[in-house]
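Could you walk me through this structure, one piece at a time? I am new to it and would like to see how its parts fit together.

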Amino acid sequence: MTDKAIIRVFIADDHAIVREGLKQILAESPDIIVAGEAEDGIDAIKHVRKAKCHVMLLDISLPDRSGIEVLKLVKKEHPELAVLMLSMHREDQYAIRSLKAGAAGYLTKQSAPRELVTAIRQVASGQKYVSAALAQELASAVGENHDTPLHDSLSDREYQTLTMIASGKTVGAIAKELSLSVKTISEYRSRLLVKMKLKNSAELTHYAIKNQLIE
């Protein structure tokens, strides 16, 4: 922190409108300034090195690589940086993966502006942040699930592929959205089916719905 305890924030999100909205929200807080931004994972990793920030707002779904991959790389280089994950996804499953990977907190993009500011201040002070609703969900999950679920064995990309297939997207559509080849997504699909002992996409979708991995 500086002498005036200014919190320097770096924003990594591929949507310009989202970045502008976040900057407008944070501009209303005199103790927070936006010191840098990026629209994809590679730029985020490159520019956060120069930004000298205290907090990074990181979208979990970037076009060139998953936010969790970026999180792991950033934390490896900057272990002191507090990374707050932002997501459109259902909270608990991605939140667990994010926190395990080193995130200081997790927040959905539907959260109120004041909650975002509170979360930034909290993680900047060295604490963790999750919403009250998410904390309750995580507590319930710990109490109910004694066995490790099959999807916990998946890599971050495999898990992302699982949720996207279960949401009804084709391999081609997923490849385009993630800027990867159809062959690569097909390999992810094949690996996750083997790991989870599932035969096809229909069984995969049934599993995802049963385990509440998608809305």
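Just past the end of helix α9, K197 takes a positive phi of about 60°. Keep in mind as we go that this is a predicted model. Most residues other than glycine have a negative phi, and most peptide bonds are trans. With that in mind, K197 is a good place to pause before turning back into the helix that comes before this residue.

Helix α9 covers residues 182-196, which makes 15 residues. From its first C-alpha to its last it reaches 21 Å, close to the 21 Å expected at 1.5 Å a residue. Which of its residues are buried? They are I185, Y188, L192, L193 and M196. Looking down the axis of α9, you would find these buried residues within an arc of 130°, so they line one face of the helix. An α-helix has 3.6 residues a turn, so residues three or four places apart point the same way. On the other side of α9, K183 and V194 are exposed.

What covers the buried residues of α9? The cover includes α7 (156-166), α8 (171-178) and α10 (201-210). Let us take α7 from that list and look at how this helix meets α9. The axes of α7 and α9 come within 9 Å and cross at roughly 95°. The two helices are therefore roughly perpendicular to each other. On the α7 side of the contact are R157, E158, T161, L162 and I165, and they meet I185, Y188, R189, R191, L192, K195 and M196 in α9. Sorted by kind, the residues of this contact between α7 and α9 divide into 6 nonpolar, 1 polar and 5 charged.

Helix α7 deserves a look of its own. In α7, 11 of the 11 residues are buried, so the helix is largely enclosed by the rest of the structure. The buried residues of α7 include charged ones such as D156, R157 and E158, and T161 is buried as well. T161 has a relative accessibility of 0%, and because buried means under 20%, T161 counts as buried. Leaving aside its neighbours within four places in sequence, T161 is in contact with I174, I185, Y188, R189 and L192. Among these partners, I185, Y188, R189 and L192 also appear on the α9 side of the contact between α7 and α9.

Now follow the chain onward from α7. The helix is followed by G168, whose phi is positive, near 100°. G168 lies in the loop between α7 and α8. Is G168 buried or exposed? With a relative accessible area of 62%, G168 is exposed. The C-alpha atoms of G168 and T205 are separated by 8.4 Å, although these residues are 37 residues apart along the chain. A little further along, S179 lies in the loop between α8 and α9. S179 has a positive phi of about 60° although it is not a glycine.

Let us move to an earlier part of the chain and to another glycine. G41 lies in helix α2. G41 has a relative accessible area of 0% and is buried. Where does the chain come back towards this glycine? Setting aside neighbours within four places in sequence, G41 is in contact with L62, D64, R65 and V70. G41 and S61 are 20 residues apart in sequence and 9.4 Å apart in space, C-alpha to C-alpha.

Beyond α2 (41-51) comes a loop that leads to β3 (55-59), and K52 is found there. K52 has a positive phi of about 50° although it is not a glycine. At 69% relative accessibility, K52 counts as exposed.

One more pair of helices completes the tour. Helix α1 (residues 16-27) and helix α5 (residues 113-124) pack at an angle of about 75°, with their axes 10 Å apart. These two helices are therefore roughly perpendicular to each other. Which residues bring them together? L22, I25 and L26 in α1 meet P113, L116, V117 and I120 in α5. The residues of this contact divide into 7 nonpolar, no polar and no charged.

Notes. Residues are numbered from 1 along each chain as its sequence is written. This is a predicted model: local features need pLDDT of at least 70, side-chain atom pairs count only at pLDDT 80 or more; totals for chains, interfaces and linings use all residues. Side-chain values use heavy atoms; hydrogens and water are left out. Helices (H or I, at least four residues) and strands (E, at least two) are DSSP runs, numbered from the N terminus. The expected span of a helix is 1.5 Å times one less than its number of residues. Buried means under 20% relative accessible area, exposed over 50%, partly exposed in between (1.4 Å probe, protein chains only). The arc is that of the directions from the helix axis to the C-beta atoms. Contact means heavy atoms within 4.5 Å. Axes are lines fitted to C-alpha atoms, for helices over the stretch in contact, and angles run from 0 to 180 degrees between N-to-C directions. Angles under 35 degrees count as roughly parallel, over 145 as roughly antiparallel, 65 to 115 as roughly perpendicular and the rest as oblique.
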